[in-house]
Every structure is written in C-alpha cells, then in structure tokens.
Amino acid sequence: MSHQEKTEIRQGTLALMILKTLETMGPMHGYGIARRIEQTSGDALTVPYGTIYPSLIKLEQEGFIASTWDVSANNRKAKYYELTRAGKKHVHDEVRLWEQTVKIMARFFNPEKEPV
Amino acid sequence: MRQIRSLLLRLGGLFQRSRQEQDLTDEFESNIAFHVEDNLRAGMTPEEARRQALLKFGNIEYTKQECRDRLGLPFLETFFYDLRYAARSLGKSRMFTAVAGVTLAFGIGATTTMFTVAQGVLLRPLPYAQPDRLVAISEVDRLKPSTGANVASADFADWQRLNTVFAGMASYGGIDERGLTSTSPESGRRVF
C-alpha cells in the first residue's frame, strides 16, 4: 500500500502459507494466522485479514484442517484451527512441489548458470 | 476424493445457513476484538485501535459473501431461487398457468399416442421367428392390378400340395380366419 515493495498474495499461495503456519505454530485462530503470515513474510505481503477466511473454509472442507471453538488465554471466544493428519501430509507434498517449481523457474531466470 | 468430500459438505451447508451465518459473525468479531486488543497494547486510543483493526480486516460484507459462497453451492442456491420465483409467478397468473398446462397435456398426450401407434405398426418386429423369411402371396387381377384378389380355398389347397419352395403355407383373412400356425387352413382368402 504505502510501501512500493509490498505485494498482494499470489493466487494459490495463501493456502500453503496457512498450512505451513499451522504446522509451525500449532493450533491458532484466524487473526493469529493472518498476523503470523504477515510477520513471516517480513511485512512484504499485504493481507487484508479477512481474505484468509474463505481459504480456511476451503481447507477445512478438504479435510486438511479442523476447527473448534475455544477460549483464548485472555478469555475471548475464538475459532481455533489445526492441521489434520491429511493436512500434515499435504503440507509435505506441497512444499516439495513448490521447491521443485522454484528451482525450475530459477534456471530460466539465470540461464548462464546452466551447465552446458 | 477431496472434491467429493468438499462437495458433500457444501451441499450439507445449504441446510445450516443460520448457524453458519452466526459462526461467521462471531469469528469475524473475535478477529477484530483480538486486533483491537493488540492495537491498544501498542498504545493506540480505543477509537484508533478499532478503526485500524477494521481497516486491516478489509470489507466485512464482501468477505462474508465470499465465505457464504464457499460454504454453500451458489449455483444450486440460485437455481432454487429461480425455481421459487417461477412457481410464484405461475401462481399469480392462474389463467396463463391453466392454458399452458392444458397445452402441454395435449401435446404430450398426442405425441405419446402417435408414437404408440407408430411403434406398434412400424417399429415392432412381427411376432414370429425369422420374420425376414416371411412372404405374402396373393393373386392379382390383371385388369385391376391395384386391388388384391381373393384366393379360393381350393386354389390354396393346390398351392399347398404342389409347394416346393416354401417351408410352409398358411392362409389368413376373410370371415373364417385361420391362425398362422395352422398348416392346412381350408377357407382363407389370401395366403402366405
């Protein structure tokens, strides 16, 4: 927004960010996840916090995360999300896929480094 | 598999609208409340804390709509709305509905009748084994070739006696009709 280098979240990357955040942090509520994604990106991403909710619903429907209403440390009701077993496996697969994609794209960006 | 699971949940979601709605409202409110608390702790005034939290959340109604679309099946819901609208419109103009209904009933009735006849006469095979080997033999009046002539039963008896080409012969028609299974009908007016 105010900073030039801030960028919007790319299509299809938010779901993996959410899953990876839950994997690292354990059960979290929506606000916590959004906040954490922003921090992890080094504030390079602008995420209106609302945007993660449709993604959370989709991930839950797909069975990768599960949600329960619980009470937070400061006694506030919140919906907590956590990875399911299928979710853990999915994160693993998706991360591998992303790393592969990044490697392939890197070759296109730096073709001179390619061994002949 | 995941898609099927998702689809079933969304289908089920159509019947839990009010609970989902409450859930979304509660969840968004709790999100904003958490943010307000954080902002207060960071030293903002209560008004500023709330304003910033709302700003950061984005358009609440738009987000809710996105969630609703994801929770249910929008196209199915639209379809049901359309159906309800159609039913209500039909109920409002009774005369039109009656005329349309009667027209449809006649149309369907007539088509069904015609097809039943066409199927019986043209499409259904004859109820005999090897219907493609059946032939009809009749006498023709040379002076009036367009009209079929009757066959005398004595002639038929001769044909049957002298027959070398057909596997069997039977006669039908006339007042005293004989079954086609009969091998020696005596008084048919036409023959196979």
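Glu77(B) is buried in this predicted model. Its relative accessible area is 16%, and the cut-off for burial is under 20%, so Glu77(B) falls within the buried class. The residue lies in helix α5 of chain B, which spans residues 74-92. Beyond its sequence neighbours up to four places away, Glu77(B) touches Leu14(B), Arg17(B) and Gly72(B).

Leu11(B) belongs to helix α1 of chain B, formed by residues 2-13. With a relative accessible area of 36%, Leu11(B) is partly exposed. That value lies between the limits of 20% and 50%, and therefore Leu11(B) counts neither as buried nor as exposed. Leu11(B) and Leu71(B) are separated by 60 residues in sequence. In space, their C-alpha atoms are 8.5 Å apart. Contacts of Leu11(B) include Leu73(B) and Leu76(B), with residues up to four places away in sequence left out.

A second glutamate of chain B, Glu27(B), sits in helix α2, residues 17-41. Glu27(B) is buried, yet it has no salt bridge. The nearest side chain of opposite charge is that of Lys79(A), at 4.1 Å. A salt bridge requires a nitrogen-to-oxygen distance within 4 Å, so the pair Glu27(B) and Lys79(A) does not qualify. A polar contact is present instead: the side chain of Glu27(B) meets the side chain of Tyr81(A) at 2.5 Å. Glu27(B) touches Tyr53(A), Trp69(A), Lys79(A) and Tyr81(A), again without counting residues up to four places away in sequence.

Chain A, which supplies these partners of Glu27(B), contains four helices and five strands. From the N terminus on, the order of elements is β-α-β-α-β-α-β-β-α. Chain A has 116 residues, of which 37% count as buried. Its accessible surface comes to about 7400 Å². Carbon and sulfur atoms account for 54% of that surface. Among chain A contacts between residues at least 6 apart in sequence, 47% join residues at least 24 apart.

On the surface, a nonpolar patch is formed by Phe115(B), Val117(B), Val121(B), Leu122(B) and Leu123(B). Together these residues have about 560 Å² of accessible area. Phe115(B), one of the patch residues, is located in helix α6 of chain B, residues 94-123. The relative accessibility of Phe115(B) is 49%. The exposed class begins over 50%, so Phe115(B) is classed as partly exposed.

Definitions and conventions: Residues numbered from 1 in each chain as written. Chains lettered and ligands numbered in written order. Predicted model: local features only at pLDDT ≥ 70, side-chain atom pairs only at ≥ 80, totals over all residues. Heavy atoms only, no water. Helix = DSSP H or I, 4+ residues; strand = E, 2+ residues; numbered from the N terminus. Buried < 20%, exposed > 50% of the residue type's maximum accessible area, 1.4 Å probe, protein only. Lys, Arg positive; Asp, Glu negative; His and termini not counted. Polar contact = N/O pair within 3.5 Å; in protein donor to acceptor, adjacent residues only side chain to side chain. Contact = heavy atoms within 4.5 Å. Patch = residues over 30% accessible without salt bridge, like charges linked within 9 Å, V, L, I, M, F, W, Y side chains within 5 Å. Areas by Shrake-Rupley, 256 points an atom, 1.4 Å probe, with all protein chains shown as cover.
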